Structures are given as structure tokens and as C-alpha cells.
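Have your viewer open and your selection tool ready. We will go from stop to stop, and at each one you will hear what to select and what is there.

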Amino acid sequence: MDEIIFNGDIFVGVSGLQLQQERFEFPLGVVLEGTFAHVMSPVTVAFSPPIEAGHHHPGPWKAARGGFAQDVTAQVHIPHSAAAGLGPKLEIANAVGFLLKLWSDPGITMPVISNLSFSEIRSAPDSHAHIIPFEHRRRSFELRLLDDAGTVESVTWVVSHFDTTLRLMKECPEFRLAATALHVGQFVENTALTLISLWGALEALFSPSTSELKFRVSALISAYLYPPGATRMEQQKRIASLYDKRSAAAHGKPKHAAEDLVATFTILREVLIKFIEEGHVPTKQECEERLFGCRD
């Protein structure tokens with residue numbers, strides 16, 4: 001049903017990004033622009049089953065407190081020409097959302113998708129707009145920018161790296177896994193599971209084997225992020241100590257604190273940003289060549 005309703009342009013609501021009148025044009029004709037709508041989905045309770053399958057529940061109905069409500073402050077317009085089918089369009093939306101979280105503000109979400117522009121809904125007939133939830137779970141572990149003064153300016157970086165990110169997501173399963181782990185990590189209720197998933201993504205990227213994971217993964221990550229010398233050695237030790245927290249969580253005896261989780265998010269974020277800016281996910285051999293000084 002959604003494939004039929006969303007077989008044309010789609011509009012993805014963005015929450016937490018204040019663009020005012022700013023408009024950003026992406027490749028493929030995708031546009032990010034400011035708007036405003038308060039999307040509400042209140043809870044209504046019925047007390048009898050429908051007379052026939054597919055019919056409405058008979059009254060009385062009772063309004064109840066609760067439900068879902070969120071401000072949409074911007075929208076991503078993905079035209080029909082950008083991709084065939086709803087699935088590929090959602091891949092584009094996920095790439096934009098991931099980049100906005102990665103670079104602009106980790107608190108940005110995409111709560112809903114609409115078949116109409118949010119400004120157009122205002123004058124459209126009732127029930128003409130079809131809106132479905134997209135990313136509306138509560139953030140259990142909230143990451144925030146220390147300074148959001150440059151949030152709008154940061155969107156320029158998002159636009160310029162969109163093509164590369166979409167390509168890496170399609171071509172590299174390890175990159176896609178890491179992007180997903182970072183993208184959804186704030187919504188997982190158990191921080192031990194978040195920590196395990198973040199390190200699982202790092203292991204997939206940097207571990208050529210399952211032996212000596214702690215040293216191998218920490219050494220390869222530090223070699224990738226830092227030049228040879230004392231800083232690399234100290235960072236290897238720091239990353240290895242964070243891996244110990246992952247191991248404790250994986251064995252059901254978590255010992256991590258909130259700052260350990262933030263530090264792990266930060267490591268994965270730095271790795272992904274470097275992948276994107278270089279336009280390449282290094283092979284395991286390339287990582288080992290960096291470790292031993294055979295590659296810059």
C-alpha cells in the first residue's frame with residue numbers, strides 16, 4: 001500500500017534542524033529546506049471489534065492521553081526521478097539523515113514521511129495527505145553538540161559529501177553497518193547493547209581475524225586515525241581500555257560509564273568522517289600497512 005501511495009515524490013520531515021528560509025540542493029534533485037508543521041498522532045481507544053474485517057470499530061471511542069507528537073522544522077524533498085520505488089528513496093533519506101547526525105547535530109531526527117510537502121498539506125483536502133512514522137522512537141542516550149552555532153553552515157559539508165556517502169553505503173557492507181550503528185545507537189534502551197553494536201561495527205571494519213581482537217582492533221584504529229609517534233601509542237592504549245568495557249558488556253557484566261559510551265561514539269564518528277572525506281574504506285591489508293608505516 002505504501003509503495004502505491006509513495007510512488008511519486010516523497011517528503012521526509014526533519015526535526016531538530018532550524019533552517020528558516022535556507023534551501024540546500026543535493027545531487028539527484030534532492031532538496032533540504034526549512035518548513036514547519038507540528039505532527040500529532042493522539043491515542044484513541046475503541047472497545048468492540050469490527051463487525052467485518054477491514055471495517056472500523058464501532059463506538060463509543062474514547063480519546064486518551066499519550067501518543068506521538070513532534071515539530072517538523074525542515075523537510076527533505078526526494079523527487080520521483082531520484083530513485084525508482086520507495087525502498088531506494090528511503091536509502092537516500094537514510095543517507096541524508098545519517099550525514100546530518102554525523103556532522104550537523106546528533107539530535108536531528110526524521111520522524112515522518114509524507115506524500116505532500118508539509119506546507120502543501122495546509123490547503124489540501126482532509127485525508128489527502130498520507131503521513132507515516134519513519135524515525136520517531138525516544139532517544140534513550142542523547143548526544144548533543146557542545147556548540148550548535150554553526151549547525152546551518154554545517155549542512156554545506158553534508159551536501160558536498162552526499163554522493164560519496166550514498167556510494168559507500170551501497171558498495172561497502174561494513175560501512176553500512178557502522179553508519180547504522182552510529183545512526184540508531186541513541187535509540188537503544190540498553191547502553192550495553194549500544195556499546196556492543198558500536199564495537200561490532202569497528203571490529204568489522206578493522207579486524208582481519210577473530211584472534212587478538214583487543215590489540216589488533218585498537219592498534220589498527222589508532223594507526224588509521226593518528227600519525228606514528230607517542231600520540232598514536234597513547235590513543236591505542238585509550239582505545240584498548242574502551243574495548244575492555246565492550247568485552248565486559250558482551251559477557252553480561254557491564255562496567256562502562258556514560259563517558260565510555262560517548263568516547264566510543266566519538267571514535268566511530270571520527271572513523272566514518274575520515275572514510276567519507278577520503279572517499280574510501282581501507283582494506284584490512286591497507287590498515288596493516290598503516291600500522292607498520294608502509295602507507296601514509
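**First stop: a lysine and its partner**

Select lysine 245, which is partly exposed with a relative accessible area of 25% (buried means under 20%, exposed over 50% and partly exposed in between, with a 1.4 Å probe and protein chains only). Before moving on, note that this is a predicted model, where local features need pLDDT of at least 70, side-chain atom pairs count only at pLDDT 80 or more, and totals for chains, interfaces and linings use all residues. Residues are numbered from 1 along each chain as its sequence is written, and side-chain values use heavy atoms, leaving out hydrogens and water.

Now add aspartate 260: lysine 245 forms a salt bridge with this residue, the closest N and O atoms being 3.1 Å apart (a salt bridge is a side-chain nitrogen of Lys or Arg within 4 Å of a carboxyl oxygen of Asp or Glu). The pair links distant parts of the chain, with lysine 245 in helix H9 and aspartate 260 in helix H10, 15 residues apart. Helices (H or I, at least four residues) and strands (E, at least two) are DSSP runs, numbered from the N terminus. Aspartate 260 is buried, at 12% relative accessible area.

**Along helix H9**

Stay in H9 and pick glutamate 234 and lysine 237, a salt bridge whose closest N and O atoms are 4.0 Å apart. They sit 3 residues apart in helix H9 (residues 230-250), so about one helical turn separates them.

**The sheet**

Next, colour the strands. You will find an open sheet of 6 strands, ordered S2-S3-S4-S1-S5-S6 with antiparallel pairing (two strands pair if DSSP finds at least two bridges between them). At the edges, strand S2 (23-25) and strand S6 (131-133) each pair on one side only. In S1, select valine 12, which stands opposite isoleucine 113 in S5.

**At the S2 edge**

Which residues join Glu33 in a network of salt bridges? They are Arg23 and Glu25. Glutamate 33 and arginine 23 have their closest N and O atoms 3.3 Å apart. Glutamate 33 lies in strand S3 and arginine 23 in strand S2, so the pair ties together parts 10 residues apart in sequence.

**Last stop: helix H4**

Finally, select helix H4 (residues 151-160), which lies across S2 and strand S3 (31-46). In H4, 7 of the 10 residues are buried, including Trp157 and Val158. Show S2, S3, helix H2 (86-104), helix H5 (162-171) and helix H10 (258-278) to see elements that cover these buried residues (contact means heavy atoms within 4.5 Å).

Conventions
Axes fitted to C-alpha atoms, helices over the stretch in contact; angles between N-to-C directions.
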